[in-house]
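Let's take a stroll through a protein model, starting from one helix and working outwards. Have the structure open while you read.

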Amino acid sequence: MSTTIDHSAPAYGGIGVDERLGEIRAAHGRLRTAVAGLTEQEAREAIHLPGWTRAHVLIHLADLSQAFARQARYAVKGESIEVYDGGRPTRDRRIEELHDRPLPWLRDQLDEGLTALEDAWQPLGPGGWELPCSYRNSPLFATQLAWWRETELHTVDLTVGHTPDAWSTALSTHVVAFLTARLPQGTTLHAQDTDEEWAAAEAARPGETPARVHGSVRALAAWISGRPHATLPTTDTDTPLPELNAWP
């Protein structure tokens, strides 16, 4: 089956499917190791995401991995199904209802989800990622990109030693490109280490001085995704960083 998507386009991190899946497998290994080392008390500790503990992250990742595995299983049959039965309300309700389950149960749920996703993706060739699915009404490739982001960002949220400084250049580049919709009108970003640039969809209004933000690609990715980073990006004029729009 021929492909029409350039899976290694700059907006997707500039790497191919196999390398991206390699990064995802490594992320799965980190998640499994991190969860194995958590205590019940640590699972209940608040993190920087408002209202969430580590346990909220674990059940969210467990459910999303199962949901994306289901997207793949149905796509290969030529069928489409909701990401979550009942949509976003079901997703939110399950997180609130299940996050306080015992840690061994949460650990098992996450491991089962990661395994289900690995099994569902294993037989897919390049053409398989072109199959339509209901996630964002996009090709199945969109779930690969989303899961790449989710695993890396949420492993940072667990505060188990994995920070944005450990993100690959490819992942960081993709995160920035995906989240340019968060940039206020006229804002541009410049990655000083890779010399890449991104701009808001809308140009600055006449008479306005557009904000230009610069930093390493990892610092930009952390800032635009709302994750903590040791070094914040800065603006050319040393004014405060612009207020970001909602997540797309």
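Start with helix α8, residues 217-224: eight of its eight residues are buried, so the rest of the structure largely encloses this helix. Keep in mind that you're looking at a predicted model. The buried residues are V217, R218, A219, L220, A221, A222, W223 and I224. What do they pack against? The buried residues of α8 pack against helix α7 (169-178) and the strands β1 (188-191), β2 (197-199) and β3 (212-215). Just after the helix comes G226, and its phi is positive, near 75°.

**The whole chain**

Now zoom out. The protein chain has eight helices and four strands. Reading from the N terminus, the order is α-α-α-α-α-α-α-β-β-β-α-β, so α8 sits between strands in that order.

How does the overall size work out? For 248 residues, a compact globule would have a radius of gyration near 18 Å, and the protein chain comes in at 19 Å, which agrees. Along its principal axes, the C-alpha trace spans about 55 × 50 × 30 Å. As for burial, 51% of the 248 residues count as buried. Among contacts with a separation of 6 or more, 62% come from residues 24 or more positions apart. On the outside, the protein chain exposes about 11700 Å², with carbon and sulfur atoms supplying 51% of that area.

**Charged pairs**

How many salt bridges does the structure hold? There are 13. Here are three of them:

| Pair | N to O distance |
|---|---|
| D63 and R94 | 2.7 Å |
| R93 and E97 | 3.2 Å |
| D157 and R227 | 2.7 Å |

Let's take D157 and R227, whose side chains meet in a salt bridge. D157 lies in helix α6 and R227 in the loop between α8 and β4 (234-235), so this pair ties together parts that are 70 residues apart in sequence. Are these two buried or exposed? Both D157 and R227 are buried. Salt bridges can also share partners, and that is how R32, D111 and E118 are joined into one network.

Next up are D63 and R94, with their side chains meeting at 2.7 Å. This pair also links distant parts of the chain: D63 is in helix α3 (residues 54-76) and R94 is in helix α4 (residues 88-98), 31 residues apart. D63 has 10% relative accessibility, so D63 counts as buried. R94 has 28% relative accessibility, so R94 counts as partly exposed.

For R93 and E97, the picture stays local. Both residues lie in helix α4, four residues apart, which is about one turn of the helix. R93 is partly exposed, with a relative accessible area of 42%, and E97 counts as partly exposed at 46% relative accessibility.

**A charge without a partner**

Finally, have a look at E130, in the loop between α5 (103-121) and α6 (141-157). E130 is buried yet has no salt bridge. Which side chain of opposite charge is nearest to E130? That is R20, 10 Å away. What does the side chain of E130 reach instead? The side chain reaches the backbone nitrogen of I5, at 3.2 Å.

Notes. Residues are numbered from 1 along each chain as its sequence is written. This is a predicted model: local features need pLDDT of at least 70, side-chain atom pairs count only at pLDDT 80 or more; totals for chains, interfaces and linings use all residues. Side-chain values use heavy atoms; hydrogens and water are left out. Helices (H or I, at least four residues) and strands (E, at least two) are DSSP runs, numbered from the N terminus. Buried means under 20% relative accessible area, exposed over 50%, partly exposed in between (1.4 Å probe, protein chains only). Lys and Arg count as positive and Asp and Glu as negative; His and the chain ends are not counted. A salt bridge is a side-chain nitrogen of Lys or Arg within 4 Å of a carboxyl oxygen of Asp or Glu. A polar contact is a pair of N or O atoms within 3.5 Å; within protein, one must be able to donate a hydrogen and the other to accept it, and residues adjacent in sequence count only if both atoms are side-chain atoms. The radius of gyration is taken over C-alpha atoms; the globule rule is 2.2 Å times the number of residues to the power 0.38. Contact means heavy atoms within 4.5 Å. Accessible areas come from the Shrake-Rupley method with a 1.4 Å probe; for residues, only the protein chains shown count as cover.
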